[in-house]
Amino acid sequence: MVVKVYGPEYASSKRVLVCLVEKEIEFEAVDINLFKGENKSLDYLKLQPFGLLPAIQDGDYTLYESRAIIRYYAEKYRSQGTELFGKTMEEKGKVEQWLEVEAHNFQPPLYTLVLHIVFSSKMGITPDQNVIQENEVKLGKVLDIYEERLSTSKYLVGDFFSLADLSHLPFGYYLLNGVGKGYMIRDRKHVSAWWDVISNRPSWKKVVQLFPYPI
Ligand SMILES: N[C@@H](CCC(=O)N[C@@H](CS)C(=O)NCC(=O)O)C(=O)O
């Protein structure tokens, strides 16, 4: 069964796509244009009642929330493609920990920067320099913690690439492309080395090449 992924060009959908590529799961992309409001169509709202991208359809099964989707596929196809949860329960616990950090510490300030810097005109937002500065400072403090962690470990959890690293790719990309604050990665030696390793994975390069960002 081919998995249908809705809205492949948007960042949160790319979290799902890169996971499917790593797990060697066949998929089909269905375009939904957020800027034309297609995410609020009655048909799409049946799949994702909040009108957010992505959602997936896998036969009769549907699921939304990108991190729920990647957890689902990483678990369902544990022995296929890249093992993204680690080998032990302890490693899985740490993968979950860093997935939560990504969702609650890393992404929120970065999402605000993306909205105010990249999509302000398309989304009808007046860019607010105070909000931008405040979120840049917040994200910097988060990245300082990453720098410390990555000074002792190649990846966030240990010596293996996991769902935790993967989950940072879609919005991390914006920092260097679009937001124009690549220095936040490049000025942190270990974060910078980590970023180069994870963003050079063939899976991520394939996703960005197949579905360019709407920047
Ligand atoms: N927590 C959701 C967030 C999804 C999300 O915010 N998606 C953005 C695209 S990256 C979106 O659909 N935005 C449309 C809107 O805010 O109306 C997930 O991870 O699936």
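Begin by colouring the two domains of this predicted model separately, and note that the C-alpha centres of domain 1 and domain 2 lie 21 Å apart. To make that selection, take residues 3-81 of the protein chain for domain 1 and residues 89-204 for domain 2.

Next, turn to the place where the domains touch, a contact that takes twelve residues from domain 1 and twelve residues from domain 2. On the domain 1 side, the elements that give two or more residues are α1 and α3, and the largest share, eight residues, comes from α1. By class, this side of domain 1 holds seven nonpolar residues, one polar residue and four charged residues.

Now select the ligand and the residues around it, among them Tyr10, Ala11, Ser12, Glu65, Ser66 and Arg67. Two or more residues of this shell come from each of α1 (11-22) and α3 (66-76), and the shell as a whole has six nonpolar, four polar and two charged residues.

Then select residues 88-215, where UniProt, in an unreviewed entry, places the feature "domain: GST C-terminal". Over this stretch the chain is 72% helix and 0% strand, with the end C-alpha atoms 39 Å apart.

Finish with helix α6 (residues 129-150) and helix α10 (residues 189-199), whose axes come within 7 Å and cross at roughly 80 degrees, which makes α6 roughly perpendicular to α10. Showing side chains here, look for Leu143, Tyr146, Glu147 and Leu150 in α6, which meet His190, Val191 and Trp194 in α10; the residues of this contact divide into five nonpolar, one polar and one charged.

Key. Residues numbered from 1 in each chain as written. Predicted model: local features only at pLDDT ≥ 70, side-chain atom pairs only at ≥ 80, totals over all residues. Axes fitted to C-alpha atoms, helices over the stretch in contact; angles between N-to-C directions. Helix = DSSP H or I, 4+ residues; strand = E, 2+ residues; numbered from the N terminus. Parallel < 35°, antiparallel > 145°, perpendicular 65-115°, else oblique. Contact = placed C-beta atoms within 7 Å. Nonpolar A, V, L, I, M, F, W, Y, C, P; charged D, E, K, R; others polar. UniProt positions renumbered as here; feature names shortened; annotations may be inferred. Near = placed C-beta within 6 Å. Domains from an automatic or database assignment.
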